[in-house]
Amino acid sequence: MKRKHTMKLVIVMSFLILSLAAVGSITAFESQASECGTTDCHNTSGVLTLASNSTSVTATAGTPFVLQIDAGNGAEWVSIKAGWADNDDFSRSETHIEDESASDTNAVSGAISVEVTFTPLSAGIKTIRIWTAAGSDLATSLDVTVDVTASTTTPTTTPTTTTPPPEPTIDLYEVWVQMMIWVPVASGLILLFLGYIAIRRNG
Amino acid sequence: MAIHPVFVHFHTGILTATAAVALVNLILRVAFKDNINTPGTRLARIFHQFDIFIYIGAFIGFLGLIAGAVTGFMEPDYPVNVLVALPIMRFKILWSVVCTEIYLYLMIVRAKVGDRVWVKPSSYIPYAVLTIVGGVLMMVMGALGGIAVYNTSILEPILDWLGIPWP
């Protein structure tokens, strides 16, 4: 092999090793994917603040109640995730609240205040697990215990009488889904055509 | 916010440099056609080295984008349904796919045609322009990543200076 080619090979292999090292330097802990508040939660630093106006509530099945949730110190998201603790036993007026979105009543960047209406769907002692997160891999959670007593009347299936405001961040989601299909297809076809022309005329 | 390892950000800088080099090569090719085709001249040597730089950049772009996409979706606290709710992340995901296609095109065309890719306008114009477009897209996506995670980006002063609105 000529020396010139050896040098090129060394340079290319060096960049390949760098790229492989990039993939190898993944810092996520895939085994720690459980919800916060349980073992094997993803390792996070708890410097965010998360509070509710009450962490112990007495409620009646089918009757809505409101929790004031305040997150701060850099919080960018507040979420009441499906599947966490007993969250699925409540219907919720909000599930994901982004900082400075329409639902966020705190105008300060890095702080979120939101009123979420919960409606218990069944009786029992339940736990609502609220989660907040920010940049730099920060996250924390807060548990609210709710003692739900059975309703003496038939619970209504549509307890909230007002329509919650639409999520401001997902207004163009459907457009994006369509673009995710058609933009790569269109650009792929254009590149195929350009590649065909380049190879045919120069090959 | 989902964060890639530091390593997968390096290719963004390299690809931005590659775009600048492609612009220089395009100008050289248009302005000094005879000189760059004369073997042994200084301009021909520089042109050739820039061509190799762009070729290697295409490989780095392709592999870096794959690594970035894989690691970007591995953050347990930010599953895909949360990421796609963010306009900035939707932009990054969509144009990352297009960029991957662009760098795949650059790799294949350069590997197949060799440095003859710079001979005819039908090949060198798309080759150079796509390298520039890919580099600019990577630069913008990297800046948006900084905005999403740290609420700021090193590109902000430049865009403010240019008067381009910024999320």
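**Two chains and the core they share**

Ala85(A) sits in the loop that links β4 (77-79) and β5 (90-92) of chain A. The model is predicted, and this loop residue is a convenient place to enter it. The phi angle of Ala85(A) is near 45 degrees, a positive value in a residue that is not glycine. Ala85(A) counts as buried because 21 C-beta neighbours lie inside 10 Å of it, and the cut-off for burial is 20 or more.

Further along chain A, Glu100(A) offers a second case. Glu100(A) belongs to the loop between β6 (96-98) and β7 (112-120) of chain A. Its phi is positive as well, about 70 degrees, although Glu100(A) is not a glycine. Glu100(A) has 15 other C-beta atoms within 10 Å, so it is partly exposed.

Both loops belong to a chain with two helices and nine strands. Along the sequence of chain A the order is α-β-β-β-β-β-β-β-β-β-α, so that the strands fall between the two helices. Of its 203 residues, 24% count as buried. Among the contacts in chain A with a separation of 6 or more, 66% are between residues 24 or more positions apart.

Chain B is built from helices: it has seven of them and zero strands. Its pattern along the sequence is α-α-α-α-α-α-α. Chain B has 167 residues, and buried residues make up 40% of them. Of the contacts in chain B between residues at least 6 apart in sequence, 75% join residues at least 24 apart.

Two helix pairs of chain B can be followed in detail. In one pair, helix α1 (residues 10-31) of chain B and helix α3 (residues 42-72) of chain B have axes that come within 9 Å and cross at roughly 145 degrees. The crossing of α1(B) with α3(B) is left-handed. On the α1(B) side, the residues in contact include His11(B), Leu15(B), Val21(B) and Leu28(B). On the α3(B) side they include Phe47(B), Phe50(B), Ile54(B) and Gly61(B). Sorted by class, the contact of α1(B) with α3(B) has 12 nonpolar, six polar and one charged residues.

In the other pair, helix α5 (residues 87-113) of chain B packs with helix α6 (residues 121-150) of chain B at an angle of about 150 degrees, and their axes are 9 Å apart. The angle therefore makes α5(B) roughly antiparallel to α6(B), since angles over 145 degrees count as such. In this pair too, α5(B) passes α6(B) in a left-handed crossing. The contact of α5(B) with α6(B) is made up of 20 nonpolar, five polar and one charged residues.

Where do the elements that give two or more residues to the largest nonpolar core come from? They are α2 (173-202) of chain A together with α1, α3, α5 and α6 of chain B. This core has 36 residues, and those with the most contacts inside it are Ile102(B), Tyr103(B), Leu106(B), Val109(B), Val117(B) and Tyr127(B). Val109(B) shows how the two chains meet. Leaving aside residues up to four places away in sequence, Val109(B) touches Gly195(A), Ala198(A) and Ile199(A) from chain A, and Val117(B), Ser123(B) and Tyr127(B) from chain B. Apart from this core lies another, of 26 residues, and among them are Ala71(A), Ile80(A), Val144(A) and Val148(A).

Definitions and conventions
Residues are numbered from 1 along each chain as its sequence is written. Chains are lettered from A and ligands numbered from 1 in the order in which they are written. This is a predicted model: local features need pLDDT of at least 70, side-chain atom pairs count only at pLDDT 80 or more; totals for chains, interfaces and linings use all residues. Axes are lines fitted to C-alpha atoms, for helices over the stretch in contact, and angles run from 0 to 180 degrees between N-to-C directions. Helices (H or I, at least four residues) and strands (E, at least two) are DSSP runs, numbered from the N terminus. A crossing is left-handed if the near helix is turned anticlockwise from the far one by less than a right angle, and right-handed if clockwise. Two residues are in contact if their C-beta atoms, placed from the backbone, lie within 7 Å. Ala, Val, Leu, Ile, Met, Phe, Trp, Tyr, Cys and Pro count as nonpolar, Asp, Glu, Lys and Arg as charged, and the others, Gly among them, as polar. Angles under 35 degrees count as roughly parallel, over 145 as roughly antiparallel, 65 to 115 as roughly perpendicular and the rest as oblique. A nonpolar core is a set of buried Ala, Val, Leu, Ile, Met, Phe, Trp, Tyr and Cys residues joined through C-beta atoms within 7 Å. A residue is buried if 20 or more other C-beta atoms lie within 10 Å of its own, exposed if 12 or fewer, and partly exposed in between; C-beta atoms are placed from the backbone.
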